[in-house]
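User: I'd like to learn how to read strand pairing and aromatic contacts in a model. Could you walk me through one, please?

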Amino acid sequence: MLESVTALNMGENPVPHYWEHTLWVWGQTSMDDFEKLWDRINLDGVVERIRVPYLVVHGAHDRQIPVEYAHRSYEQAVNSPKRELKVFTEREGGVEHCNLDDPMNATRFVADWVAETFGHPVR
């Protein structure tokens, strides 16, 4: 199990303190404790309860969080009156984790989406 967790989430170039940070975020003191928690770390059964506009933004080449997770969250948001999935491509920029290779591109997109969705159109 731990090997699959490691392979799935460390990606190609994880931050040097990846696992220490992960244990801290999830309040665990060892990898054995985290491994017991692993299967419950998801949004299954939660996203379906969203009843407001829902935007998922992801980078196509995110090496820490697989893009499939973004698609999964979007697909599960069946009760949202407006749902959108935006996966940034190489052509657009913003393909890395948290869109760090071009954060302003994602920031502008999110700001425009929020303005248009909540009644303040961007001019």
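Analyst: Happy to! Let's begin with one residue facing another: His58 stands opposite Val87 in β2. Keep in mind as we go that this is a predicted model.

User: In which sense do β1 and β2 pair, and over how many bridges?

Analyst: The pairing of β1 with β2 is parallel and runs over six bridges. To get from β1 to β2, the chain passes through helix α4 (residues 67-76), and this β-α-β crossover is right-handed.

User: How many of the six residues of strand β1 are buried?

Analyst: Five of them are, so β1 (residues 54-59) is largely enclosed by the rest of the structure.

User: Now the rings. How is a pair of aromatic rings described?

Analyst: You need two values: the distance of the centres and the angle of the planes. This structure has five aromatic pairs. One of them joins Phe88 and Phe109, with 5.8 Å centre to centre and 85 degrees between the planes. Planes over 60 degrees apart count as edge-to-face, so this pair is edge-to-face.

User: Which parts does the pair of Phe88 and Phe109 tie together?

Analyst: Phe88 belongs to strand β2 (residues 83-88) and Phe109 to helix α5 (residues 103-117), so the pair links parts that are 21 residues apart in sequence.

User: Is Phe88 buried or exposed?

Analyst: Phe88 is buried, at a relative accessible area of 1%. Its partner Phe109 counts as partly exposed, with 23% relative accessibility.

User: What sits over the ring of Phe109?

Analyst: That is the charged end of Lys86, 5.6 Å from the ring centre. Another case of this kind is Arg72, which lies over the face of Tyr69 at 6.0 Å from the ring centre.

User: Which residues do ring pairs link into a cluster?

Analyst: Look for Tyr18, Trp19, Phe34 and Trp38, which are joined into a cluster by ring pairs.

User: Let's finish with a polar residue. Where is Asn105 found, and is Asn105 buried or exposed?

Analyst: Asn105 is part of helix α5. The cut-off for buried is under 20% relative accessible area, and Asn105 has 18%, so Asn105 counts as buried.

User: What does the side chain of Asn105 reach?

Analyst: The side chain of Asn105 reaches the backbone oxygen of Gly93, at 3.2 Å. Setting aside neighbours within four places in sequence, Asn105 is in contact with Phe88, Glu92 and Gly93. You have met Phe88 already, as the ring in β2 that pairs with Phe109.

Terms used:
Residues numbered from 1 in each chain as written. Predicted model: local features only at pLDDT ≥ 70, side-chain atom pairs only at ≥ 80, totals over all residues. Heavy atoms only, no water. Phe/Tyr/Trp six-rings, centres within 6.5 Å; stacked < 30°, edge-to-face > 60°. Helix = DSSP H or I, 4+ residues; strand = E, 2+ residues; numbered from the N terminus. Buried < 20%, exposed > 50% of the residue type's maximum accessible area, 1.4 Å probe, protein only. Lys NZ or Arg CZ within 6 Å of the ring centre and 35° of its normal. Pairing = 2+ DSSP bridges. Right-handed = clockwise from strand over helix to strand, strands pointing away. Polar contact = N/O pair within 3.5 Å; in protein donor to acceptor, adjacent residues only side chain to side chain. Contact = heavy atoms within 4.5 Å.
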